[in-house]
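Please open the model in a viewer and keep the sequence panel visible. The tour below proceeds by selection, with a short account of what is found at each stop.

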Amino acid sequence: MDDEVLATPFSAGRGRAAVAVPAGACDCHMHVYDARYPAAVGARLTPPDAGVDDYRLLQRRTGTRRVVVVTPSTYGTDNRPMLDALLAFGSDARGVAVIDEGVDDAVLERLHAAGVRGIRFNLSLGFIGAIAGLELLAQRIAALGWHLQLLAPPDLLAGLADVLGRLPVPVVFDHFGRIAPSMAGHHPAHALVLRLLGAGRAWIKLSGGYIVTEQGPPHYADVAPLARSYLHAAPERVLWGSDWPHASASAGHQPMPDDARQMALLAEWTGDAGTLRRVLVHNPAALYGFSNATPHEATS
């Protein structure tokens with residue numbers, strides 16, 4: 001199949017990732033956008049439609065099978081686009097919802113039945129909910145076995161150390177903790193993430209490298225030491241995500257990334273096939289409740 005066929009909407013480049021991607025690999029961070037659902041008042045990112053069929057084209061380039069669909073800031077607490085995607089993807093998908101403190105238990109149970117396994121607090125863009133609500137919502141979701149996914153500017157993140165240390169659920173930091181590579185080893189937010197990872201209280205998503213980089217494409221060389229700092233601290237708690245369809249890049253804030261290249265960079269950061277498989281298969285299975293067995297393994 002030629003590279004032209006493997007071109008994908010909202011992704012630079014063409015062709016498959018130049019790496020042996022393990023069976024059952026999971027993209028742990030992507031979004032869908034659907035104009036049938038209105039954007040939240042004040043939404044700062046309103047990208048064009050990007051749906052399940054478009055994303056399946058991307059999977060042919062990245063080699064992933066499983067997916068975690070995250071409700072983006074565009075929709076506020078309207079999780080319908082994410083839930084539609086979970087239904088379309090089926091058992092290979094899990095979801096991360098955005099909720100407010102007034103959500104009732106019946107809604108949480110329905111979200112769980114649909115495949116949701118966490119909630120997201122975005123404190124850097126499209127802020128939903130007060131910081132004080134972190135603990136309250138964490139208590140609400142603890143019985144479901146969910147996690148709290150957090151995106152926050154480094155200074156704010158560092159100030160949340162005490163709160164994050166006493167939450168009754170795991171914390172998942174997306175987009176490298178939103179820590180710029182030059183902050184690694186210097187900023188207290190980086191030290192906090194490493195400490196929580198090492199204590200088994202947190203996970204980190206190596207997603208959005210194109211957002212945090214200070215050097216840019218094609219090599220994103222400055223991101224590699226940051227990624228490896230997390231892999232060294234707790235390789236069993238590191239995840240990968242494409243962040244497709246790259247809403248901020250569509251808005252012109254960064255160059256559109258090549259997702260196949262992003263997968264190849266992950267392979268470079270992990271350094272060996274075993275660690276790559278851990279990040280792409282075993283770790284997502286542990287956090288999101290996927291089976292570790294691939295279809296081939298399950299029948300052999």
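**First stop: His175**

Select His175, which counts as buried because its relative accessible area is 5% (buried means under 20% relative accessible area, exposed over 50%, and partly exposed in between, with a 1.4 Å probe and protein chains only). His175 lies in the loop between β6 (171–173) and α7 (188–198); helices (H or I, at least four residues) and strands (E, at least two) are DSSP runs, numbered from the N terminus. Although His175 is not a glycine, its phi is positive, at about 50 degrees.

Before proceeding, please note that this is a predicted model, in which local features need pLDDT of at least 70, side-chain atom pairs count only at pLDDT 80 or more, and totals for chains, interfaces and linings use all residues. Residues are numbered from 1 along each chain as its sequence is written, and side-chain values use heavy atoms, with hydrogens and water left out.

**Second stop: the loop between β8 and α10**

Move next to Asp243, in the loop between β8 and α10. Asp243 also has a positive phi, of about 65 degrees, although it is not a glycine. Buried or exposed? Asp243 counts as buried because its relative accessibility is 5%.

Now select Pro245, found in the loop between β8 (238–240) and α10 (247–250). The peptide bond that joins Trp244 and Pro245 is cis, with omega about 5 degrees.

A further cis peptide bond may be displayed by selecting Pro217 and Pro218, where omega is near 5 degrees. Pro218 lies in the loop between α8 and α9 (223–233).

**Third stop: Thr8**

Keep Trp244 displayed and add Thr8, which lies in the segment before β1 (26–30). Which residues does Thr8 touch, not counting residues up to four places away in sequence? They are Asp54, Leu57, Leu58, Arg61 and Trp244, where contact means heavy atoms within 4.5 Å. Thr8 counts as buried because its relative accessibility is 7%.

**Fourth stop: strand β4 and its neighbours**

Select residues 116–122, which form strand β4; seven of its seven residues are buried. Then add strand β3 (residues 93–97), which pairs with β4 in the parallel sense over three bridges; two strands pair if DSSP finds at least two bridges between them. Within this pairing, Val96 has Gly118 of β4 as its bridge partner. To follow the connection, trace the chain from β3 through helix α3 (residues 105–114) to β4, a β-α-β crossover that is right-handed. A crossover is so named if, with the strands pointing away from the viewer, the path from the first strand over the helix to the second runs clockwise.

Next, add strand β5 (residues 147–151), which pairs with β4 in the parallel sense over five bridges. Gly118 stands opposite His147 in β5.

Val98 can be selected in the loop between β3 and α3. At 6% relative accessibility, Val98 counts as buried. The C-alpha atoms of Val98 and Val70 are separated by 8.4 Å, and the two residues are 28 apart along the chain.

**Fifth stop: the largest cavity**

How many cavities of 30 Å³ or more does the structure hold? There are two. On a 1 Å grid over the protein atoms alone, a cavity is a set of points where a 1.4 Å probe fits but cannot get out, and a pocket is an open set with protein on both sides within 12 Å along at least five of seven lines; lining residues have an atom within 4 Å of a point. Grid points are joined across faces, edges and corners, and a volume is the space filled by probe spheres set on the points.

The largest cavity has a volume of about 70 Å³. To display part of its lining, select residues including Phe176, Tyr210, Trp240, His246, Gln262 and Trp269. Helices α8 (209–212) and α11 (259–270) each supply at least two residues of this lining. By class, the lining has five nonpolar, seven polar and no charged residues; Ala, Val, Leu, Ile, Met, Phe, Trp, Tyr, Cys and Pro count as nonpolar, Asp, Glu, Lys and Arg as charged, and the others, Gly among them, as polar.

**Last stop: the second largest pocket**

Finally, select Tyr33, Asp34, Arg36, Gly51 and Val52, which lie nearest the centre of the second largest pocket among its 13 lining residues. The elements that give two or more residues to this lining are α1 (52–62) and α2 (80–89), and α2 gives the most, with four residues. The pocket holds about 160 Å³ of space. Its lining has seven nonpolar, one polar and five charged residues.
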